[in-house]
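Subject: A structure for you to look at

Hello,

Here is the structure I promised to pass on. Please open it alongside this message, and I will go through what turned up.

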Amino acid sequence: MIYTQSEFLDYIRDNDVKFVKLTFCDMLGRQRNISVLSSQLDDAFHNGVSIDSSAMTGVGGVDLKLRPVSSLLSVLPWRPHAGRVVSVFCNIFNLDGTPYCCDPMVLLEKQVNLLSAHGLKAKVGTECEFYVFKDEPDSDTIRPFDLADYCACAPYDKCENIRRDVIVSLEDMGLKPISSHHERGNGQNEVDFESADPLSAARNFIMFKAAVKNVCEVNGTRASFMPKPMADQFGSGLHLSVTLSGDDAERKAEAFAEGVMTRYKEITCFANPTHNSYERLSLVRGVTYSENRSRALRIFKNNGNTVVQLRTPDSTCNIFEVLALVFAAGREGIEKGLKLRKPDEKGFSLFSSIDEAIEFAEKSDWLHENIPVHLDEVLGTMKRRCAVARGLKTEKDVFEFYMDI
């Protein structure tokens, strides 16, 4: 349900909500929040709640304000029902009331509005893969929760009950998953979501990750969204399906797809922001497109609409930023009238390391135009985190380091 501000406040009163988590996403894609008592919500809507800019970019010293977006309310079903807790995503503002330019939600909303000026409406569907591990604090290794493979059944598939609890939790939160199954890796799973408007799809993905981690914690297991947590197992991806509808949508969708292909390398370090991401990407064949699942970008028809599906991103990304850049690239393709290359035409290779991807991004005028402030600081933080992770000795050390993603 989409709540207005008054309906939001009524819900809080009628459902004995004690705490509200004011949720946002930093530039590295990590969920952040400040908890306020429900009695402070009215003030939060009108005056905002202060944070330091370091929570967003790692660069402090600038005071910002969080303001709830009433339509992005989620109940947290793993918390107690008495004095229950809810989460609401927030926009971030400067003290003078203007939108903060590095708010990933602002970046995405801007691109959605610019795309709509071309008579196009976008919906985004996600397919999210993750691993479930045994919780063995005294062990130096990580072990998958089961030894099952693709679309396995119980009792071989021991993750079935965890996926069921995740699905139920997501429904309790008002989100709309459509399917789930065991993936190819031992302990690997996938949950797919119904298409939604871009802002809701991005919010749903962030809350999905929180649901998985909390359900696994309750069940005595641990979840990982790392793209390659185990060297001998399959990688985990985040497939993003963009469906375009509206004026002359089929022709514009092809120009959109070519625009994305043209800027694919510039987007890569945001879609794949960890050193671990490139161990998975090393298996990707030439970056071009096809109707089948073997390419980085897939274009196909669904119920008469053209779908552009990106298959290389992974769940360590900031999905708001990635979608904002995808829409910016696609819009550029439309505005330039780009012609879609032929299917399976020889493409180009992606980077072999995060360092190469960041170096390419640092030189991109296009990225600096679309992320106008703090791009270099964010890329620097990304580079430093990856350097630390590369220096860790075991897969479990890396798993622990990236638990916040």
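Let me begin with a term: a residue is called buried under 20% relative accessible area, exposed over 50%, and partly exposed in between. By that yardstick Cys-151, with a relative accessible area of 44%, is partly exposed. Please keep in mind throughout that this is a predicted model.

Cys-151 has something else to show in its backbone. Its phi is positive, about 55°, although Cys-151 is not a glycine. You will find Cys-151 in the loop between S6 and H5. Pro-155 also has its place in the loop between strand S6 (120-134) and H5, and the peptide bond leading to Pro-155 from Ala-154 is cis, with omega near 5°.

Which other residue is worth a look for a positive phi despite being other than glycine? That is Asp-248, where phi is near 50°. Asp-248 sits in the loop between strand S10 (238-246) and helix H7 (249-262). With a relative accessible area of 43%, Asp-248 falls between the 20% and 50% limits and so is partly exposed.

Ala-231 is another loop residue, placed between strand S9 (221-224) and S10. Its relative accessible area is 57%, which is over the 50% limit, so Ala-231 counts as exposed. Along the chain Ala-231 and Cys-151 are 80 residues apart, and their C-alpha atoms are separated by 21 Å.

Now for the helices. Val-166 belongs to helix H5 (residues 160-172). Is Val-166 buried or exposed? Its relative accessibility is 1%, under the 20% limit, so Val-166 is buried. Setting aside neighbours within four places in sequence, Val-166 is in contact with Phe-208, Val-212 and Val-215. The C-alpha atoms of Val-166 and Pro-177 are separated by 9.6 Å, with the two residues eleven apart along the chain.

Helix H11 (residues 354-362) has four names to note: Ile-354, Ala-357, Ile-358 and Ala-361 are its buried residues. They lie on the same side of H11, because they cover an arc of only 95° around the axis. The general background is that an α-helix has 3.6 residues a turn, so residues three or four places apart point the same way. What do the buried residues of H11 pack against? Their partners are helix H8 (264-271), helix H9 (277-281), helix H12 (365-370) and helix H13 (375-390).

Stepping back to the whole chain, there are 14 helices and 13 strands. The chain is as compact as a globular protein of its length, because its radius of gyration is 21 Å, close to the 22 Å that the globule rule gives for 405 residues. The C-alpha trace spans about 60 × 50 × 45 Å along its principal axes.

Of the 405 residues, 57% are buried. Among contacts with a separation of 6 or more, 71% are between residues 24 or more positions apart. The accessible surface of the chain comes to about 17,000 Å², and carbon and sulfur atoms account for 48% of that surface. As for charge, the chain has 48 positive and 58 negative charges, and the mean positions of the two sets are 2 Å apart.

I hope you enjoy looking around.

Best wishes

Key
Residues are numbered from 1 along each chain as its sequence is written. This is a predicted model: local features need pLDDT of at least 70, side-chain atom pairs count only at pLDDT 80 or more; totals for chains, interfaces and linings use all residues. Side-chain values use heavy atoms; hydrogens and water are left out. Helices (H or I, at least four residues) and strands (E, at least two) are DSSP runs, numbered from the N terminus. The radius of gyration is taken over C-alpha atoms; the globule rule is 2.2 Å times the number of residues to the power 0.38. Buried means under 20% relative accessible area, exposed over 50%, partly exposed in between (1.4 Å probe, protein chains only). Contact means heavy atoms within 4.5 Å. Accessible areas come from the Shrake-Rupley method with a 1.4 Å probe; for residues, only the protein chains shown count as cover. Lys and Arg count as positive and Asp and Glu as negative; His and the chain ends are not counted. The place of a charge is taken as NZ of Lys, CZ of Arg, CG of Asp or CD of Glu. The arc is that of the directions from the helix axis to the C-beta atoms.
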